[in-house]
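User: I'm new to this structure and would like a close look at one part of it. Could you take me through that part and then show me how the rest of the chain is laid out?

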Amino acid sequence: MPLDFDSHPPHPMTASLPYRQDLRHCFDLVEGLDRQVVETWLDQTREPLARLRASIGTGSHAFLDQPDRADDLAAIRTAAAALARYPTVVLLGTGGSSLGARTIASLADAGTGLGVPGRPRLIVAENVDPHAFERLAAGVNWAEAGLLIVSKSGGTAETLAQAHALLGRVPKPAEQAWALTEPTDNPLARLAARYGMARLDHPTTLGGRFSVLSAVGLVPAAILGLDIAALRAGAKLARDAALADPLASAPAWGAALAAALNARGIRTSVLCPYIDALGAFGQWYAQLWAESLGKGGHGTTPIKALGTVDQHSQLQLWLDGPADKLVTILARETKGVGHRYTKAELADPALDWLENRTMGDLIDVSWRATAETLARRGRPVRLMTLPTLDERALGALFMHFELETVLAAALFDVEPFDQPAVEDGKRLARSYLKGMA
């Protein structure tokens, strides 16, 4: 008998949110893991939730304050309008300075990579592979391009290297280029002053991987014509719902599940949207989860996937490999949507299963079949379903996973807002460059 995916889940209640979380297919599949065990972990989120709730408006957890901000919207829209005059906008940044923009761009063009009609082509340049970077630099008409340089600290090696390689090609950097960095004396700020670039301030207390609802994500969103107020409104809705009692908090349930599974050796977290417009969301999530939790021997490993693509690549491992994974499926309502296949066009009795069905029907049954197969194999699977995907829903998802990550950090007893091991590598890289023969 098929699993029941359609009745309202008994926990947590997410009816007022633009997404629904269902954990029922996580319980009683792993030895010793039932709802009561997860609720024991859930109870431990009460104190962290109270601290987070009390911190709103104090600046101590700046990511929680972004949904309430309106003071920066005029500057964000001014920067976006100035850059949107050009047919191409190149964003220089990496990690938290780029992954949110990529995710937002995927929402704008439905994950096609084709851009948005009537809007600039947004190119996100993250890496310093010289072959790829020179190809990019040569392929842009810099007389008709805007440049957005993003680095919270203002000292990101890759971003500064990119900026110095490109600014000599930009005819009027004082008009065409913007810098987004902390309001401190830093290399990017000094570079902006040198070229007369306009600047936007990055909040000093807001970590890069938590910055998607600040100007870091909202300037690209506005360039692409998205409703930036709706992104923040969705995040506010999710935040306010989540910071109540843990029994009603979707992120707290997610964090408690992660901790309970981790205690039983399940230390891999697969995020698999069956939505092309969320294809880049997995990369954003992977940085957030990995860099926030991977400390002192703790943490679980995130894996980015995309349905149905990864049914034909990774699914075999999830089903028949090590039983060490939680799979989270993100899906939207698609029944009856898209091209409808007729008997005449199919013209093959072997394809009678597709007759009078739509493309949306196919992806709908695909994620359901994947979830059911995983559960039958004893692999825990979390379902997150969306009636629709728009700016409000994406903002809510951003906030859900930011809160889930911070609460999981509390349960794992790690500091979620630093990355000490990464900083060691950055220092070494600079040292190697200085000593290079």
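User: Is Thr 88 buried or exposed, and what is its relative accessible area?

Analyst: Happy to help! Please keep in mind that this is a predicted model. Thr 88 has a relative accessible area of 10%. Buried means under 20%, so Thr 88 counts as buried.

Now for its surroundings. Thr 88 sits in strand β2, which covers residues 88-92. Leaving aside residues up to four places away in sequence, Thr 88 touches Pro 120, Arg 121 and Ile 123, and also Val 140, Glu 144, Ala 145 and Gly 146.

For a second buried residue, turn to Leu 288. Leu 288 belongs to helix α13, made of residues 281-293. Its relative accessibility is 0%, so Leu 288 counts as buried. With residues up to four places away in sequence again set aside, Leu 288 touches Arg 209 and Phe 210, as well as Phe 401, Glu 402 and Thr 405. To get a sense of distance, take Leu 288 and Arg 51: they are 237 residues apart in sequence, and their C-alpha atoms are 20 Å apart in space.

A helix can also be viewed as a whole. In α1, which runs over residues 35-43, Val 37, Val 38 and Leu 42 are buried. Looking down the axis of α1, you would find its buried residues within an arc of 145°, so they line one face of the helix. An α-helix has 3.6 residues a turn, so residues three or four places apart point the same way. The buried residues of α1 pack against two other helices, α2 (46-55) and α12 (250-262).

Stepping back, the protein chain contains 18 helices and 10 strands. Its radius of gyration is 23 Å, close to the 22 Å that the globule rule gives for 437 residues, so the chain is as compact as a globular protein of that length. The C-alpha trace spans about 65 × 60 × 50 Å along its principal axes. Thr 88 and Leu 288 are both buried, and of the 437 residues in the chain, 53% count as buried.

Contacts across the sequence complete the view: among those between residues at least 6 apart, 77% join residues at least 24 apart. As for the outside, the accessible surface of the chain comes to about 18800 Å², and 54% of it belongs to carbon and sulfur atoms. Finally, there are 43 positive and 48 negative side chains, with the centres of the two sets 4 Å apart.

How values were computed:
Residues numbered from 1 in each chain as written. Predicted model: local features only at pLDDT ≥ 70, side-chain atom pairs only at ≥ 80, totals over all residues. Heavy atoms only, no water. Helix = DSSP H or I, 4+ residues; strand = E, 2+ residues; numbered from the N terminus. Rg over C-alpha atoms; globule rule 2.2 N^0.38 Å. Buried < 20%, exposed > 50% of the residue type's maximum accessible area, 1.4 Å probe, protein only. Contact = heavy atoms within 4.5 Å. Areas by Shrake-Rupley, 256 points an atom, 1.4 Å probe, with all protein chains shown as cover. Lys, Arg positive; Asp, Glu negative; His and termini not counted. Charge placed at Lys NZ, Arg CZ, Asp CG, Glu CD. Arc of directions from axis to C-beta.
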